[in-house]
Each structure stands twice: as structure tokens, then as C-alpha cells.
Amino acid sequence: MKAPPRLQSLIDEGLIDTVVRQLMSGKEAMVYVVRVGDETRCAKIYKEATQRSFRQAVDYTENRKVKNTRLQRAMAKGTRFGRQATEAAWQSAEVDALYRLAAAGVRVPVPYNFHDGVLLMELVTDEHGDAAPRLNDVVFTPADARMHHATLLVEVVRMLCAGVVHGDLSEFNILLGADGPVIIDLPQAVDAAGNNHAQRMLLRDVANLRAFFGRFAPELLHTEHGHEIWDLYERGVLNTEVALTGRFERKGGAVDVGSVMREIDDARAEENARRLRVL
Ligand SMILES: Nc1ncnc2c1ncn2[C@@H]1O[C@H](COP(=O)(O)OP(=O)(O)O)[C@@H](O)[C@H]1O
Ligand SMILES: [Mg+2]
């Protein structure tokens, strides 16, 4: 096919030879199958901020470390320069997370390059060499659902041990590759230690896995892996060898008013950010 304009500079730079076809146009990106030498890869082009849904921009940008305070002020004020910087930070966050997770042994696509707002990475394929389906497009037996659920919980633990919470993990952002599930779509990944929303995001990620695989293996719906994993993490005893039970005793006693108030403030901040985006 004729290369879309955003991929032309990668062709000029020799990073891509040809564009084979468009794979997807998702919420936040357009994804193409490309050829480089005799290899097939995948090119993810980020949409401009205004075209994105920007769910929970607040969660995701909190504590993104920006050393330069002038830049920080510009980003906070939302000047043109600031918006460009925010945009660049958002896009490079996915590349950073991919390198970090690949190094930690998490099953993510191998990142090759990031150029002009385009991420070049491994194309995840099924056993026929075709682009792999999303979990959402696959029907599982109860046994397979239990197996993949367990595998993915270990991946979640591996990510957390590497200091990362995915933040948008669901059946739409996991592909079923020839050798099992592969996790994709990480621009919103957050630093587990430095972000106040990390716990809530981890619990949501794990709850999404439970709800999806619970459709095929309903006994999973009674598990509490999210709380169990976060508790082990907070106590500093989480590792990938740990045997998860799926059970968690909630500590009784007084309600933590501070944390409830924080959640309310967060929800309000999210709503304000959303409204700003819509204007
Ligand atoms: N490395 C990859 N290999 C194969 N397919 C991919 C890959 N990355 C993305 N895709 C396909 O493109 C779709 C959109 O990519 P994703 O990273 O989830 O972006 P979005 O933010 O638009 O959801 C995915 O659902 C998947 O079908
Ligand atoms: Mg996605």
C-alpha cells in the first residue's frame, strides 16, 4: 500500500522498507504492518492528543519525572510548547515501559525504535504467522481460561517487581501469540512506587483479568488476587516465585477517612481534567 505520510520519514531514514497494510485504528493509535529487510514488524502511530480519549490523564501524568522546571511549568500551564512536551512524554512512556519490561522478562513485543512519534516493534503473531488476535476475539475452554489467567497474574507480578503498573490491562490489550499471551499498549503505565494511583490501577488491572476469564471459568470470579498481590508488594515480599492463593483477608477496623477523601479528590480531579479536554 501507499505509505501514510506519518511513516514516510521512517522510510526516508531507512527504518522501514514498505508498508504492508493497516492493522487497526484503535482509540489512541493507528497500527500498521511493515517490512524491514526480510522481517515483518509493526508500526504504531500515536494520534494527536486532541484525537485521543485521554482517560484519566491525571493518573497517568502524576509523578512523571520532568527535571526541567521551566518545562514543568509550561506543561502545567498547557502552553503550545508545554503541550508538545506533554505529548512527547506520553509517547516515549510506552517505549520506556517496553524496554524496562522486556528487560525484566515480561512478555511484551520487542521494541526496535521510536522515531517521529512512531513506535517500531515486533509484530506479535499467531501460529500461522498472522497478526495475533486480542483475547477479546478468542473463546476459551475453562481449563485454558484458568491457565492464561494464572500466567497473566505472574506477568502482573513480574511487572510490579520491575516497578511498573500497566494501568489499562484488559482483554483488549493482550494478544494471544503463538506461545501464549503478550501484553501491549503501555503509554499510560505508571511507576508503582511513585504514583498515588498505582494501587487503584493495579487492582483494576487484576479485576479486569478476573472478569474476562471469569466468563469462561466462573470460579475465578471469587478470587482476590489484586489485594493479595498489592499486600505482598507493600510488605516488600513480592517475587515471581510466590504462590498466590487468590484469597485475601481484609483487615477490619476503622475506616481510613484520609484515603476515602483522597479517592473523592482524585475522582473530582479526573472529572475536571476530562472536562478540560472536551472544551
Ligand atoms: N505488537 C503488536 N503486534 C500485533 N498487533 C498489535 C501490536 N500492537 C498493537 N497491535 C494491534 O493494534 C491494536 C491497537 O494497538 P494498541 O497498542 O492497543 O493501541 P490503542 O491505544 O489504539 O488501543 C491492538 O488491539 C492490536 O490488535
Ligand atoms: Mg489498546
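I take buried to mean under 20% relative accessible area. Note to self: this is a predicted model.

**Strand 2**

I started with strand 2, residues 29-36, and asked how many of its residues are buried. Six of the eight are, so by that cut-off I call the strand mostly covered.

**Its neighbour before: strand 1**

Next I looked up how strand 2 pairs with strand 1, which spans residues 18-25. The two run antiparallel and share six bridges. They also make a hairpin, with three residues sitting between them. For one end of this pairing I picked Thr-18 and found Arg-35 of strand 2 as its bridge partner.

**Its neighbour after: strand 3**

Then I followed strand 2 the other way, to strand 3 at residues 39-46. This pairing is antiparallel too, with eight bridges. Arg-35 turned up again here: its bridge partner in strand 3 is Thr-40. So I have Arg-35 down twice, bridged to Thr-18 and to Thr-40.

Strands 2 and 3 form a hairpin with two residues between them. I checked the backbone there, and Gly-37 takes a positive phi near 60°.

**Cysteines**

Last, I went looking for disulfides. A disulfide is a covalent bond between the sulfur atoms of two cysteines. How many does the whole structure hold? I got zero.

I looked up two cysteines anyway: is Cys-42 buried or exposed? Cys-42 counts as buried, because its relative accessibility is 7%, under the 20% cut-off. Cys-161 comes out at 41%, so I wrote it down as partly exposed.

Methods
Residues are numbered from 1 along each chain as its sequence is written. Chains are lettered from A and ligands numbered from 1 in the order in which they are written. This is a predicted model: local features need pLDDT of at least 70, side-chain atom pairs count only at pLDDT 80 or more; totals for chains, interfaces and linings use all residues. Side-chain values use heavy atoms; hydrogens and water are left out. Buried means under 20% relative accessible area, exposed over 50%, partly exposed in between (1.4 Å probe, protein chains only). Helices (H or I, at least four residues) and strands (E, at least two) are DSSP runs, numbered from the N terminus. Two strands pair if DSSP finds at least two bridges between them. A disulfide is a pair of cysteine sulfur atoms within 2.5 Å.
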